[in-house]
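Please open the structure in your viewer and keep the sequence panel beside it. The stops below say what to select next and what is to be found there.

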Amino acid sequence: MIDLALFLGVAAIGYAIAFRLRIPSIPVLILLGLALALSPLAPGQAFSRDILELGIAFLVFSAGIELAPRRFAHQTSAVWWVALLQFIIMGFIGTFCAEALGYGKIAAIYIGFALSASSTIIVIGHLRRQQQMFQPFGRLVTGVLLVQDVALILLLTLLTAAPGGDLLAKAQAPIGLLALGGASVFCHYHLLPRLVEKLLSDDETLLLLGLATLFTFLGVGYLLGVPFVAGAFLAGFALSAFPVNGLLRGLIGSLTDFFQALFFTALGTLLIMTDLTTVWQAALLTMMVFIVTPPIVTAVAEWRGQTSRSGIESGLLLAQTSELGIVFALTGWSQGHIGETEFALIALVASITMTLTPIVATDAVTWKLLHWHPSRRRKLPRLDLEDHVLLLGFGSAGMWTAKPLMEAGYKILVIDDDPTVIAMLSRTKVPCLRGDGSDPRVLEMVQARKAILIIAAIPKLSDLLQIIQYAQGVRVVARVLEETEAQVIEKAGGIAIRNADAAEFEFAKWFENLNMRT
Amino acid sequence: MILARMIRLPSIVACLLAGLMLGPATGIIENSEALMLISEIGIVLLLFLVGLEVSIEKFSDVGKVALFAGLAQVVATILLGGLFAWLLGFDVKASLFLSLAFTFASTVVMVKVLTDKNELDSVYGRIAVGISLVQDLVVIFVLTILTGLGTSGGIEGGTVATGLLKAFGGMGLLLGVVLLASKYLLPKPFSWIASSPSTLFIWSLSWCFAVVSLAYWLNLSLALGAFFAGLSLAQLPYSRDLQHRIKPLMNFFVAIFFVSLGLGMSPSDASAEFFPILAFSLFVIFSRPLILLLTIPRMNYSQRTAFLTGITIGQISEFSFIFVAMGVGAGLIPSQIMAITGMVGMITIAASSYLILYNHSLYDWLHRLGLLKVFYAKKANEAEIDQKSDLTGHIIIVGMNTLGRLLAEKLHSRGEIVIALDSDARKLVGLPCRTLLGSSEYMDVLLEAGLPHAKLLVSALRIEEANDLLAFRCRQFDVHCAIHVVDTSMAANLLELDVDYLMLPKVDGVKLQTRYLRTIGVLPS
């Protein structure tokens, strides 16, 4: 109990530091765990290992609950291509680097592929904070994370399949995984949604259902020779269909928060063996993650229809090592495939890359990288435009903006980075151009300073400010939801249209009708 | 356990049965050190939660009757129960432990069943919860004495007095520390991290286990430390939100605690005590309504209220197991008492759960038979029966961003009863309407906001999963809802969930924009 209090105390300090510095809590917890292990208060390793086991189960289980395929239904092709190519290329480069650093083949595979998956916790948290979940690259990145998790689980099953023995023994784990996967799919689509409908009465029953599913899959997985991690993940997937996942998210969330805090602190206490060689190797591999991931993701994302900026943003956001990568390494360690050093190396790279994500995945870095993009070397021709109206970003209501302006006789030009929007506009004979409406090069090309009006429907405040700054006196109208954003835009010289006021006005009309009806 | 829940068996009984099946019946699992640690964490979290729930507000309206009836019931049960046990042939120490174990009602069971019945806010529901809180305070007192007895290693002589002195001294010190911390140490840092729910959650748990460690160091029970830790956080404005977050964690650990209790039971011992188990179970179930029918009506409450309250508290508590386990652990009573208490617990908890479900029909039946006339009590007062929460026909607004605040202010100014809900305390500041701190992901939060009786729920949130879930909940309770659609890709799912109104600020903003363009002459008026 005292050990638990100690871990929680250290975790509380870690959360406070992360909150103050606005960085992810995971690397802080790992580093504080390391400090705890070096202190005279260090708890026994047996306790840390017990916590790690329960922590892994809940971390992987909650990752599985988030695996709702409908989330990336409209970008399936891009998601699969980006996820698999990035995972495979990065995995092989990582394996090659690890071998070059003197690690054996199996250890190098573990290192390479553990580093190739990105962190769901870090990336989703970042997207939510930046309100970017619904942007095309946000959806792409979310899908990529989920596919990578599945790929890592599959690889883990193959690696942990009995190394010696006959073919039957070797095939046991993959066959078991297939069977358990089938059961998980059946539960996902048929059994659990129906069961939940019957058990809707209270949170406790739902929680029990969730935990029963987890422990059943773990138990059956154990009997079938499937890795513990795969069982937890498939249990999560079984519960990931709506409304089951929605109802369970809050309940499991408390357990996940609790075990996550303990897990990463306990993990830090196991890194005590880290020596200087491991540290510089970790620095090298961190550089590899940052050098390799963004170009691969950018290239594949552009090939699958994303803009250069979206590709770079996705690449930067995916350039870190996943918590599932740590679990992957931990499983390898417990199986005897890798040693303490390899495990420490992977955990260190994960800690460093996770810490650096908020610093790297920023607009400033994105724009800097954009300047180096091959397409930027081409000089864009200035279009022969004057006294026109620019619509930057078309959005869901763009046609209602464009149509009255066209009917009033204005020359309009729509700029949007979504290829499907551009295709639709082309079909309907609305003048349009595919590109990033906040990019000064694009604004220069479309003669923004000669326009009589710019209407921006771009969600990012920094992009809107960039447009206002570039436009130099041209009237820029921007629609925003938050009052604070509206004030910033007006201060910068733009004209803010308050979407919240408009929505309240329309809501009031509907509410009046509702009151009359009831 | 899920099967047990389907037949409306309370979770505690289901856990005990599961433990019995896994342990004594089949021998699949044995109690281990890890299970004991998890059980201890469960007790700590349960008591922490009880501490968090203690609020002066809850006592204000029914405080007097709860205090009077609670103390009367405790004293009467100890005396009658002790005498009853002694008459059944148990020695004095065992009789004392048994009477103590049968004194306290389970807060968890009654709150759970009353919430399911949607009668937690009824007069009898509030009195029952009030009585359970009075009992919680007595529990702390008894736990302290037991710890003193446990540390003294016996029940005789001056060592007991020293043990009691140490326990009360330690208790006083611990209470002083947590109360001072509650007033001077905790509010500022907790207010600083209030906008981060995960940090708030981990901090509160860290505080809980820090106080538990202090209690351990002072030779006090861990449960006592946890209760005081909860008490010190109960006065913070985030305590309700913390309760909702800690409850699932507590449910997980407590389930294992009760399973481990089942594992530790000895049905063979219990079968040898069939008659006492049956007698004690009937004593617990019938003595409560009888005692309360004699006390509550004397304080101007109706016979119906007294009867319903008595039925509600007609089971023994999880503390009962803790008491007896402590007594067995200290070598004061034989392990056979644990088996008896466990079986009485299972029977009374199961029976009272069903009795609470059908309490009104039961009262009407007994009243028609004239069996309650002997108590010469006040007749049913319908006003008391119908007195429930004033939250009916109100509007719940979730997410206090600019849109949420605007809607809350405008609807409030129209005279609507509005409840503004957000998980960030800072976003609720300055609103003219009623506010509730909490995450809409938790059903308990929505129930506290009165969702089943609301006329409308509006979500201004920009989180797709949360909005889908709110729409689903509204459909479940047949409540109208208006949901913020951040992206048109969300609309299809929401329409499938029968959302009444989709708020499309991006689309509505275009209308405002068109008006502006007309004003400045860009578009013809």
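Begin in chain B by selecting strand β1 (residues 395-398), helix α21 (residues 402-413) and strand β2, which make a right-handed β-α-β unit. As you look, bear in mind that this is a predicted model.

**The strands of the unit and their neighbour**

Keep β1(B) and β2(B) in view, and trace the four bridges over which the two strands pair in the parallel sense. To find one of the matched positions, select B:I397, whose bridge partner in β2(B) is B:A420. Then add strand β3 (residues 434-437) of chain B, which also pairs with β2(B) in the parallel sense, again over four bridges. Here the position to select is B:I419, which stands opposite B:R434 in β3(B).

Now hide everything but β2(B) and look along the strand: which way do its residues point? B:V418, B:A420 and B:D422 point one way, while B:I419 and B:L421 point the other way, and all of them are buried. Because five of the five residues of β2(B) (residues 418-422) are buried, the strand is largely enclosed by the rest of the structure.

**A phenylalanine in a helix of chain B**

Next, select B:F321, whose place is in helix α17 (residues 318-329) of chain B. Is this residue buried or exposed? B:F321 has a relative accessible area of 2%, and because the cut-off for buried is under 20%, the residue counts as buried. Show what surrounds the side chain and, leaving aside neighbours within four places in sequence, you will find B:F321 in contact with B:L16, B:F258, B:L261, B:I316, B:M338, B:T341, B:G342 and B:G345. For a sense of scale within the chain, draw a distance from B:F321 to B:Y501, which lies 180 residues away along the chain, and the C-alpha atoms come out 51 Å apart.

**Chain B as a whole**

Zoom out until chain B fills the window, and you can go through its 25 helices and six strands. Of the 525 residues of this chain, 60% count as buried. Among the contacts in chain B between residues at least 6 apart in sequence, 71% join residues at least 24 apart.

**Where the two chains meet**

Bring chain A back into view and select the residues at the contact, 88 from chain B and 81 from chain A. Between them the two chains bury about 7700 Å², with 71% of that area on carbon and sulfur atoms. On the side of chain B, select B:F252, B:R462 and B:Q513, which lose the most area to chain A and together account for 8% of what that side buries.

Stay with B:R462, and look across to A:E482, with which B:R462 forms a salt bridge whose closest N and O atoms are 2.8 Å apart. How many salt bridges are found across this interface? There are three, and the interface also holds eleven residue pairs in polar contact.

**A last stop in chain A**

Finish by selecting A:D436, which sits in the loop between β3 (432-434) and α20 (440-445) of chain A. A:D436 is buried, with a relative accessible area of 14%. Its side chain makes a polar contact with the side chain of A:R309 at 2.8 Å, and the side chain of A:D436 makes another with that of A:S438 at 2.9 Å. Not counting residues up to four places away in sequence, A:D436 touches A:R309, A:W367, A:I415 and A:V442.

Methods
Residues are numbered from 1 along each chain as its sequence is written. Chains are lettered from A and ligands numbered from 1 in the order in which they are written. This is a predicted model: local features need pLDDT of at least 70, side-chain atom pairs count only at pLDDT 80 or more; totals for chains, interfaces and linings use all residues. Side-chain values use heavy atoms; hydrogens and water are left out. Buried means under 20% relative accessible area, exposed over 50%, partly exposed in between (1.4 Å probe, protein chains only). Contact means heavy atoms within 4.5 Å. Two strands pair if DSSP finds at least two bridges between them. A crossover is right-handed if, with the strands pointing away from the viewer, the path from the first strand over the helix to the second runs clockwise. Buried area is the accessible area (1.4 Å probe) that two parts lose on being put together, summed over both. A salt bridge is a side-chain nitrogen of Lys or Arg within 4 Å of a carboxyl oxygen of Asp or Glu. A polar contact is a pair of N or O atoms within 3.5 Å; within protein, one must be able to donate a hydrogen and the other to accept it, and residues adjacent in sequence count only if both atoms are side-chain atoms.
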